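Please open the structure in a viewer and keep the sequence panel visible. The tour below proceeds by selections, each followed by a description of what is found there.

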Amino acid sequence: MSKSKYFFLFFFILTNLLFADNNQMKYVPINTEESFKRIQEGAIVIDVRYPSEHSKIRIENSYNIPFKEITVEKIISINPDKKDIIIHCTAGITSKKVADKLVAEGYQGTIYEMDKGLIDWVNLGFKTEQGI
């Protein structure tokens, strides 16, 4: 092969690697302050902790769908208008896995993932609810 053919082959492969998954939705990690702002703008909050944790303390008006039970269908059932969603857990570890799962299942809305979880929310003094 001539040098120009190698160049074009290299360019073709590189372009495909860089842009191959452009059509696949991804989630967006955001900090706690940005999460608060998005909630004020109407984002739906999904708490993926266990129900016992959610009943003790939670972000106001959040929905509890435990990480083992969450599906695209459940998200759509509570969010038929496809508003932006914010996924959170205690510290931001499980919520990343859940966001990845929803993306892999083909969720078409915007997914934000609160990267430091409820711990940071509480530490920053944002309002919570307690009890059932």
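A pocket is understood here as an open set of grid points at which a 1.4 Å probe fits, with protein on both sides within 12 Å along at least five of seven lines. The model under examination is predicted.

**Stop 1: the largest pocket**

Begin with the largest pocket, whose volume is about 150 Å³. Its lining comprises 13 residues, and those closest to the centre are I39, V45, I59, E60 and N61. Selecting these five residues will bring the pocket into view. Which helix gives the largest share of the lining? Helix α2 does, with three residues. Both α2 (32-40) and strand β2 supply at least two lining residues each. Colouring the lining by residue class shows nine nonpolar, two polar and two charged residues.

Remain for a moment with N61, one of the residues closest to the pocket centre. N61 is located in the loop that joins β3 (58-59) to β4 (63-64). Its relative accessible area of 63% makes N61 exposed, because the threshold for that class is over 50%. The backbone of N61 also deserves inspection: phi is near 60°, a positive value in a residue that is not glycine.

A second non-glycine residue with positive phi is K82, at about 55°. Select K82 in the loop between α4 and β5 (85-88). Is K82 buried or exposed? With a relative accessible area of 53%, K82 is exposed.

**Stop 2: the sheet**

Next, display the strands as a cartoon. Five of them form an open sheet in the order β1-β6-β5-β2-β4, and the pairing is parallel. The edges are occupied by β1 (28-30) and β4; each has a single partner strand, so one side of each lacks a neighbour in the sheet. Within the sheet, follow β2 and β5, which are paired in the parallel sense over four bridges. To find a point of register, select D47, which stands opposite H88 in β5.

**Stop 3: V48 and S95**

Move to V48, in the loop between β2 (44-47) and α3 (51-56). V48 has a relative accessible area of 1% and is therefore buried, the limit for that class being under 20%. Beyond its neighbours within four places in sequence, V48 contacts I65, P66, F67, I70, I87, H88, C89, T94, S95 and V98. One of these partners, I70, is 22 residues away in sequence, with a C-alpha to C-alpha distance of 7.8 Å from V48.

From V48, go on to its contact S95. S95 belongs to helix α5 (residues 94-104). At a relative accessible area of 0%, S95 is buried. With neighbours within four places in sequence set aside, S95 is in contact with V48, I87, H88, C89, E113 and M114.

**Stop 4: I75**

Select I75 in helix α4 (residues 72-78). Its relative accessibility is 0%, so I75 counts as buried. Which residues does I75 touch, not counting those up to four places away in sequence? They are I46, I65, I70, I85, L102 and Y107. For the contact with Y107, draw a line between the two C-alpha atoms: I75 and Y107 are 32 residues apart along the chain, and these atoms are separated by 8.7 Å.

**Stop 5: the aromatic cluster**

Finish with the aromatic side chains. Four aromatic pairs are found in the whole structure. In the pair of F36 and F126, the ring centres are 4.5 Å apart and the planes lie at 15°, so this pair is stacked. The pair links distant parts of the chain, 90 residues apart: F36 is in helix α2, whereas F126 is in the loop between α6 (117-123) and β7 (128-129). F36 is partly exposed, at a relative accessible area of 30%.

Now add W121 to the selection. The rings of W121 and F126 have centres 4.8 Å apart and planes at 40°, so this pair is tilted. W121 and F126 are both buried. Shown together, F36, W121 and F126 are linked by ring pairs into a cluster.

How values were computed. Residues numbered from 1 in each chain as written. Predicted model: local features only at pLDDT ≥ 70, side-chain atom pairs only at ≥ 80, totals over all residues. Heavy atoms only, no water. Buried < 20%, exposed > 50% of the residue type's maximum accessible area, 1.4 Å probe, protein only. Contact = heavy atoms within 4.5 Å. 1 Å grid on protein atoms, 1.4 Å probe; cavity = no way out; pocket = protein on both sides within 12 Å on 5 of 7 lines; lining within 4 Å. Points joined across faces, edges and corners; volume = space filled by probe spheres on them. Nonpolar A, V, L, I, M, F, W, Y, C, P; charged D, E, K, R; others polar. Phe/Tyr/Trp six-rings, centres within 6.5 Å; stacked < 30°, edge-to-face > 60°. Pairing = 2+ DSSP bridges.
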